[in-house]
Amino acid sequence: MSIVLKQIAKRYGSHVIVDDLCLEVQDGEFFILLGASGSGKTTVLRIIAGLTRADSGRILLHERDVTDLAPQRREIGLVFQNYSIFRHMTVTENIEFGLKLRKLPRNERTRRRQELLDLVGLSGMGDRLPGQLSGGQQQRVALARALAYRPKVLLLDEPFGALDVKIRGQLRRSLRRIQEKSGVTTILVTHDQEEAFELADRIGVIERGRLLEVGPVEQLYFRPRTSFVATFLGAGTVVVGQVSEGKARFGELSLTLPDEIAAEENRRVQLLARPEQVILSDDPRGPGVVSLGQGRVIEEFFAGSHRKVRLRLPRLPGTRQLAPQPPFGEKSLLVDAVVSSSESLSGRRRFVGLRDYHILEAPPRRLLVLAPEGRGSGSASPLVRWLIRKLDASAIRLTVLEVTEAGAKEPKVEARAKTGNGGLEIRTRKGRLVSEVMAELQESLYDMVVVEAPPEKRFFSGAYGDGPELIDRLLKGSDLPVLILKGERERLDRLMICTAGGEPGKQDVKEGGWLARRLAIPVVLFHAVRREFESGPLTRAHLERAAATLHSLDLEVDIRLREAESVARAILEEARNSESDLIVVGRHFPRSRIFAGEDVTRQVISAADRPVLVIAVEEWRLEIPDVSAGSGPKL
Amino acid sequence: MQPRESGRLSADGTGRRHQRHSLGEWLLVGLVLAYAGLLLVAPIAAMLHGALRPGLGAFWNEVSSPDALNALKLTIVLGLGATFINVAFGLAIAWVLVRDDFRGRKLVNGLVDLPFAVSPVIAGLMLILLFGREGWFASLTDALGLRVLFAWPSMLLATLFVSLPFVIREVMPVLTQIGIQQELAAYTMGASPWRTFWCVTFPSLRWGLLYGISLTLARALGEFGAVLMVSGGMRGLTETSTLYIFRCLDDRNYGGAYSMALVLAVISFSLLMGMEVLKKRTEQRR
């Protein structure tokens, strides 16, 4: 085994960069670490090289523990994205630098240098200075320099990032050839999927410092295990359904479950179909193992060797679409396919079938329930217990966090899985409530926070201990939905989603809809109109699209519209009138100009006598489709 | 101040100066020439005239007088010493300011320019406050039996102070620009930090450094105010060339003043010219 990483972790302050990462790379393997920018991939590479120290974990190179060794003694070759060759040295001097350090005799050096110049295709350019070389040639020199002293491991940090597309393609091919010839174990870090597909023996997908999945290229592309990899790597259609009677059910479709997924009733599963697995045909009984019905081509892109098309089909009842990310208000099923470039299908109707598909387990949503201060989880309110019972399906993972005063000798974080209550995990942290909760949110990935509000009405005065401050920090310091439990309710029977005061409210609709779906309760869609700000037709169009989105989640929707002077007061009144047990409102980030003078969210939280779910609304995110889901590589 | 920029680019980017000469341009060129003539050429001419009018023999007599020779020697020793020390510490300070992040980094960065802003006379005054009879360090220097004020140590300190920023300000931008990746690459190839500095970092710095050295030396040779304050100006002992010139003027020995001034000017001028030549030659090699 050439490279072994054991539980590598790295953080800056409370920011987790690399989280408990384990990896094994075989001798002579070309391994690619693929991730978006900021995913921690470069940090991993720097840790292997010894340029950054890991906080914990071990690094083994060829069975030698190098964790505490300086980079000089790790015997690695490293190529950076920016041309890091020595500017004042000729190509020859650059390549021989590592050899001179190893005190190789002159004739040996000359021989090796010739060999490498031939290998990277720069014979005869030994006397040039970096300034006389093109960017691609400089990277070739950097590669030759890194290989010259026969390192045991070659590390490449986005080596083609700064080059133009054509040179990149050429260099990629020669890199693959050089790597095969030299047989050196290689790790390349990149965000470019095309590069990963073309070069890798195996790919590891890294996200937020976690290595999500490792495997051969085709396995990750056609048979990913995680939802993230399914949507991050390449294009495709992803639909969420569930297990029913031992089969994966997506509407009327009933598909055989793969062996690795336990046939547990109601377990949520995803159907992944890559564009080239989709068959379009004029014949209703067209080819393919699965028929999705008839659809119309709504988008078409000419891509030279093929055409990319998107079709709109009747929805599969009981399913939710993840990719391609449905636009707000879309209630049909969207399917991406590729067809030959010779014939345009724009606007045509076709029967859609799948030649092949893949079923994977849907990731559970993770909810963090904050135990009330000083009381522990045992005395949770009836509503929390009801939520835990109701949500504790295989689709949701619940963590209850207790924060207690720090004891000097006890471990700071303690986790114990409570059995018998279906995967409910209880974590105990010691320290100050607010900082420990924020640290927990940093360390683990959660999708929603549930917090019980203290009984006081004056919320943001900060005069009532840590409780109000905690809610304040949660609203300001994280972009997770925060469910604030207020009032004396024991269950939730109706949920009201507010799209008030001219805000786009798309995220509220999605998140609120998700919760209503999980709890199987009806939804009131409420819009408070402020005459001076709004135009009637726009509002109606917005509400219609919101309702369509909710219908696509199989929810019962009741639309209410009302004119109001004070939006907050209107929301509270409507909640009472419609007997809604939970109010869903959006929270704007400080830069928002819409509520500059009037913080509706805070007014609602302070004055409400019932639970409030606060959803972060990032204006820009609503307009730009999420990069991680959808837009895949060119096929 | 960047040593590597010597390209003569015209607006059209062909490297040739343009040939259109409008009236406005003629006026501008005339203005520049007149200004430079008034400020640079005329004083030099006057100095040359003053030094050489009595004849070369008289010039030589003035320059080779024991006082003049002593002053010149002291100036050169102080200049070289200050330059040597400021190169070492200037490199270290520039390195720390660029590469390390610590509390107060910005403050130190600002303080480096203090000698530019503070009048040399005030710098001298500060040294008197430190090392004078009632000064902060007086007891310490007395205990050590060290004579600082009105002796060479205070003169060196004064020269160090006024010539501190040059190396730092020349090296810092280069250090920032070359970045750290070349060094990291060298580390992974097996080079020790020391070796990396000499083989990888230093060669990139050398022109900035050389420029900084020549500016430091030129400044040190020409220093007057701070040294005047702390030296006492004892003839043959603590009198530098500039102080010598000043005294000659006082004594109405104009020939001595002009001659010494000419010598200093020639030294500084050849220093700067030498730099230019070296720079040209390395640029041609590139």
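**Exercise 1.** How many of the seven residues of strand β29 (residues 523–529) of chain A are buried?

*Solution.* The model is a predicted one. A residue is called buried here if 20 or more other C-beta atoms lie within 10 Å of its own. With that cut-off, six of the seven residues of β29(A) are buried, and the strand is mostly covered.

**Exercise 2.** Which strands pair with β29(A), and in which sense, parallel or antiparallel?

*Solution.* Strands of a sheet pair through backbone hydrogen bonds, in either a parallel or an antiparallel way. Begin with strand β28 (residues 495–498) of chain A, which runs parallel to β29(A) and is joined to it by four bridges; within this pairing, A:Ile497 has A:Leu525 as its bridge partner. Then turn to strand β30 (residues 557–563) of chain A, which is also parallel to β29(A) and pairs with it over seven bridges, with A:Val524 standing opposite A:Asp558 of β30(A).

**Exercise 3.** In the open sheet with the order β6-β7-β8-β3-β9-β10 (chain A), which strands stand at the edges, and what packs on the sheet at β6 and β7?

*Solution.* The sheet has six strands with mixed pairing. β6 (76–79) and β10 (210–216) of chain A each have a single partner strand, so one side of each is left without a neighbour in the sheet, and these two stand at the edges. Neighbouring strands are turned by 15° against each other on average, direction ignored. At one edge, four bridges join β6(A) to the parallel strand β7 (residues 153–157) of chain A, where A:Gly77 is partnered by A:Leu154. Helix α4 (residues 135–148) of chain A packs on the sheet by touching β6 and β7 of chain A, and its direction makes about 170° with that of β6(A).

How values were computed: Residues numbered from 1 in each chain as written. Chains lettered and ligands numbered in written order. Predicted model: local features only at pLDDT ≥ 70, side-chain atom pairs only at ≥ 80, totals over all residues. Buried ≥ 20, exposed ≤ 12 C-beta atoms within 10 Å, placed from the backbone. Pairing = 2+ DSSP bridges. Axes fitted to C-alpha atoms, helices over the stretch in contact; angles between N-to-C directions. Contact = placed C-beta atoms within 7 Å.
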